[in-house]
Amino acid sequence: MAAFDNNLSYVPTWCAGCGNFGILNAWKKAMVELDLDLEQTVLVAGIGCSSKISQYVNTYRIETLHGRSLPVATGVKLANHNLTVIAEGGDGDGMGLGMGHFVHTARRNLDITYFIHNNQVYGLTKGQASPASDLGMITKFTPPPLGNMERPINIVKMALSVGATFVARASVANVSGLATLMAEAIRHPGFAVIDILQPCVSFNHVNTYQWYGQRVKPLEDMDGYDPANLEKSLAFAGLWGEQIPVGLFYREIRPTFNGSLPQLAHEPLAKQEINNVDITKIMKLLC
Amino acid sequence: MNKQFYTCLFGGEAGYGVMSAGSMIAKGANRSGLWSFVVNEYPSLIKGGLNSCLVRLSDQSLTGYEEPLNFLGLFSQQAFDFHSQQLKPGATILYDSTAVIIDESKVPEGTVLYPLSLQQYIPKGGAKIMGNSAMLGAFSALTGYPLAVLRQVITDEFHTEKLREQNIAILEEVYAYVLSTLPTENIFPLHFQQDASPKMFINGNEAISLAAIQAGCKFSAGYPMTPGSSVLSYLVDYGTDYGLVFKQAEDEIAAINMLIGASFAGVRSIGSTSGGGFALMVEALGFAAQAELPLVMVNAQRGGPSTGLPTRTAQADLNFVVHASQGEFPRIVVAPGDIEECFYETFRVFNLADKYQVPCIILTDKFLADSSVSQPLFDTEKLSIQRGKLFEPKEQTPDNPYLRYQLSPDGVSPRAIPGQIGGRHIATSYTHGEDGFYSSGNHEYAQNEPATVVAGTDKLYNKLSFMEKDLPSIKVYGPAKADLTIIAWGSTKGAVLEAMELASNQGIVINFLQILYISPFPTAAVELFIQQAKKTLLIEGNKTGQLGSIIRANTGYKADYSYFKYDTKAFVPSEILAKIKEVLS
């Protein structure tokens with residue numbers, strides 16, 4: 001990378017103290033650790049506070065519609081499977097509008113990485129309930145006395161259930177731990193998901209740094225930890241409350257969608273010659 | 001010499017091979033120097049319901065169909081009840097005697113009735129669809145359509161030896177039996193040539209798929225929706241050998257976003273759907289426009305709104321596709337009128353999408369998408385691929401940064417493809433400055449937001465005048481001076497052209513303005529042509545005259561007369577002729 005980088009000329013607009021700063025730092029550390037070629041890397045973001053990370057890093061980037069990062073990432077990866085493709089967005093973007101895409105992207109085990117910044121609230125629209133908000137949470141759209149009445153989505157459990165082949169949770173409070181997991185996720189050949197716990201200092205006054213700090217516990221320290229065992233991983237994934245496990249829940253090597261297509265066995269689609277196509281064969285077939 | 005026509009129709013429940021019977025007759029005719037136009041009708045049912053296949057044959061090329069029948073082949077009672085009123089005097093009805101009772105009061109006098117128990121010819125364990133080979137054998141004997149031609153088509157159609165032999169055996173047995181019951185051998189009214197030059201049997205969706213493959217399209221994504229999705233199945237069937245990847249998506253929203261992702265990564269991509277699927281895609285259509293990523297999307301119209309009429313034709317999505325999305329941006333909307341335009345204009349819009357970095361919509365309808373006609377092989381010699389302005393890889397420097405959305409006189413900026421050295425940038429759904437950064441994304445930028453937004457919007461619209469020069473937006477048929485000028489779009493073209501011939505035979509002079517590219521609207525060309533028109537008749541397959549409203553919005557002109565049809569059927573020449581006469585009387 002040149003010392004000058006036109007792609008890094010803007011200063012993040014996140015609130016002071018926002019967890020996204022930690023995620024951005026971990027992200028950069030992961031890139032350095034992997035020594036990724038930035039010209040061969042694409043970040044596909046949704047819309048939301050977290051998705052703004054695409055404005056502050058220096059790979060190729062596409063900032064898509066709210067909730068649609070995964071299908072765009074699918075298109076990028078199928079068009080050029082030599083690229084490293086990272087999708088990124090928030091819990092609202094990914095588990096609200098994006099939920100259908102999440103399920104199907106996991107099923108197809110495309111070789112892409114998905115970082116979900118999970119602050120359990122909508123920040124950019126200034127404080128509404130997210131699909132990951134805890135029961136009873138008071139937000140602009142879920143007022144007292146009831147607060148949020150819908151069970152939160154447990155992203156890790158969800159990812160495990162629908163077939164993601166690398167599933168982890170990390171807290172932004174531990175930037176170097178997060179960076180290591182991010183690098184591992186990018187290395188993983190298949191659909192890799194990290195649920196990144198991230199406080200929102202402006203709109204979530206429940207799930208704070210302190211709240212997470214009291215609950216987060218490394219998986220490696222838990223009895224029976226075995227990231228090769230789906231059933232055990234699902235049991236750990238079910239823990240949310242007094243203890244919130246973080247670390248790698250599950251890893252499995254399964255054929256990837258892009259790796260299974262004969263059309264992608266050699267050159268990526270983007271590199272195929274398109275000037276000398278001859279359709280005479282098909283036209284004759286139709287006669 | 002006057003055109004000779006022969007029209008037959010096969011009707012029955014789904015599963016009896018109604019459509020394949022019709023298509024084999026048409027294919028055989030195509031190989032023998034004749035021309036065909038085949039219209040399939042079927043309800044949106046999983047099984048059963050009335051399917052019909054109308055085959056119109058002629059000794060000269062055909063652009064449309066008419067309903068009156070020389071021959072009716074019936075597999076079910078419903079088919080008789082529905083189609084008996086279409087018979088011409090002296091027509092022949094061949095019917096499955098185990099399934100159909102003919103009410104003779106409902107058929108014209110002199111109709112030849114031929115009952116036959118079709119199922120008895122099917123070997124034990126054979127599928128009921130083989131009944132159509134029995135139908136074809138009897139058709140051949142009753143009409144004089146050459147048996148050898150059908151034998152050859154069946155031989156080519158079946159890829160397993162056993163099925164081929166069984167079907168040919170049925171064909172020949174029934175042919176011999178029926179012939180033995182007839183007093184004299186029949187002679188088919190159209191002349192079959194041997195060694196005729198080859199013609200394809202092809203529908204609009206196939207033509208679009210072929211053009212996409214020819215244009216170097218390597219990626220498609222979609223979700224099934226009749227009548228758009230057969231483009232996708234043809235791409236799977238024919239495109240896979242050419243390295244094309246098709247991804248079935250979880251919904252249409254995912255599909256179009258996958259196309260946008262592939263386009264960003266530098267691959268030509270196409271999607272195809274119908275109105276309901278297109279409705280789901282609309283937000284992403286605007287995203288492609290905002291991010292200036294090439295996109296080619298087919299909307300094969302069916303009746304709407306909502307689930308509407310899944311398998312019936314309509315032309316009521318025009319206003320929708322021309323305006324779809326919040327905000328404003330230029331787009332290309334082309335409405336091919338026939339198979340050739342489906343092919344050549346699809347090829348052209350792939351080039352235009354790259355050249356102008358805009359979304360392009362190919363607007364067809366069920367009738368064009370699904371009707372198969374005889375078509376000489378496309379001439380691909382002169383077709384060349386143009387990718388538009390692409391970024392040349394080079395190291396970036398502080399003095400010369402790469403700006404993805406650099407302002408330029410023609411509104412188009414060089415596009416970098418991920419993987420290129422020095423081309424790193426952000427493509428975005430936000431309104432942005434030249435570097436792709438959101439126009440109110442930070443303090444420094446926000447101060448300039450009004451100017452940034454005006455410059456960016458003007459940039460998009462600067463493309464328009466260049467686009468207009470590149471588009472063959474209108475086509476004009478007939479003499480410069482005419483009693484009546486017809487204005488129409490899309491698949492209505494074929495019926496209008498034949499109606500013009502009919503009118504001309506009766507001394508009525510008609511000309512025809514086909515609006516092929518509806519967005520950007522060719523205001524100047526349309527104004528110029530309309531100024532010279534004596535009277536105008538607007539013909540559209542919708543209730544409200546949607547093209548008419550677009551013409552009026554752009555030129556202030558209101559057509560003198562209108563003929564709108566929204567009864568699930570395509571236009572036919574004889575009805576257009578009747579309207580012409582009514583208007584001129």
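# Chains A and B: sheet, helices and contact

Author: This is a predicted model. In chain B, helix α17 (residues 546-555) lies across β18, β20 and β21, and runs at about 130° to β20(B).

Reader: What is the strand order of the sheet there, and is it open?

Author: The order is β16-β18-β17-β20-β21 in chain B, an open sheet of five strands with mixed pairing.

Reader: Which are the edge strands?

Author: β16 (474-477) and β21 (561-564) of chain B, each of which pairs on one side only. On average, neighbouring strands of the sheet are turned by 20° against each other, direction ignored.

Reader: How many bridges between β20(B) and β21(B), and in which sense, parallel or antiparallel?

Author: Four bridges, in the parallel sense, with β20 of chain B covering residues 536-540. Across that pair, Ile539(B) stands opposite Tyr563(B) in β21(B).

Reader: Which strands does α15(B) touch?

Author: Helix α15 (residues 492-505) of chain B packs on the sheet and touches β16, β17, β18 and β20 of chain B. Its direction makes about 170° with that of β18(B).

Reader: And β17(B): buried or exposed?

Author: Strand β17 (residues 484-488) of chain B is mostly covered, with five of its five residues buried. That holds on both faces: Leu484(B), Ile486(B) and Ala488(B) are buried on one side, Thr485(B) and Ile487(B) on the other.

Reader: How is β17(B) joined to β18(B)?

Author: Through five bridges; β17(B) and β18 (residues 510-515) of chain B run parallel. Leu484(B) stands opposite Ile510(B) in that pairing.

Reader: Switching to the chain contact. How many residues from each chain?

Author: Chain B gives 63 residues and chain A gives 49 residues. On the chain B side, the elements that each supply at least two residues are β7 (199-203), α6 (204-214), β8 (219-222), β9 (245-248), α8 (252-264), α9 (275-291) and β15 (426-428).

Reader: Which one has the largest share?

Author: α8(B), with nine residues of the side that touches chain A. By class, that side of chain B has 37 nonpolar, 16 polar and ten charged residues.

Reader: What joins β2 of chain A to β15(B)?

Author: Three bridges join them, and β2 (residues 60-63) of chain A runs parallel to β15(B). Ile62(A) has Ala427(B) as its bridge partner in β15(B).

Reader: Back to α6(B). How do its axis and that of α11(B) cross?

Author: The two axes come within 8 Å and cross at roughly 25°, where α11 of chain B is residues 339-356. That angle is why α6(B) counts as roughly parallel to α11(B). The crossing is right-handed.

Reader: Which residues meet?

Author: From α6(B), Gly204(B), Ala207(B), Ile208(B), Leu210(B), Ala211(B), Ala212(B) and Gln214(B). They meet Ile339(B), Cys342(B), Phe343(B), Thr346(B) and Phe347(B) in α11(B). By class this contact has nine nonpolar, three polar and no charged residues.

Reader: One more, in chain A. Where does Gly48(A) lie?

Author: In the loop between β1 (41-45) and β2 of chain A.

Reader: Why does Gly48(A) count as buried?

Author: Because Gly48(A) has 26 C-beta neighbours inside 10 Å, and the cut-off for buried is 20 or more.

Reader: Leaving aside neighbours within four places in sequence, what is Gly48(A) in contact with?

Author: His66(A), Gly89(A), Gly90(A), Gly92(A), Asp93(A), Gly123(A) and Leu124(A). As for Ser202(A), 154 residues apart from Gly48(A) along the chain, the C-alpha atoms of the two are separated by 14 Å.

How values were computed. Residues numbered from 1 in each chain as written. Chains lettered and ligands numbered in written order. Predicted model: local features only at pLDDT ≥ 70, side-chain atom pairs only at ≥ 80, totals over all residues. Contact = placed C-beta atoms within 7 Å. Nonpolar A, V, L, I, M, F, W, Y, C, P; charged D, E, K, R; others polar. Pairing = 2+ DSSP bridges. Axes fitted to C-alpha atoms, helices over the stretch in contact; angles between N-to-C directions. Parallel < 35°, antiparallel > 145°, perpendicular 65-115°, else oblique. Left-handed = near helix turned anticlockwise from the far one by under 90°. Buried ≥ 20, exposed ≤ 12 C-beta atoms within 10 Å, placed from the backbone.
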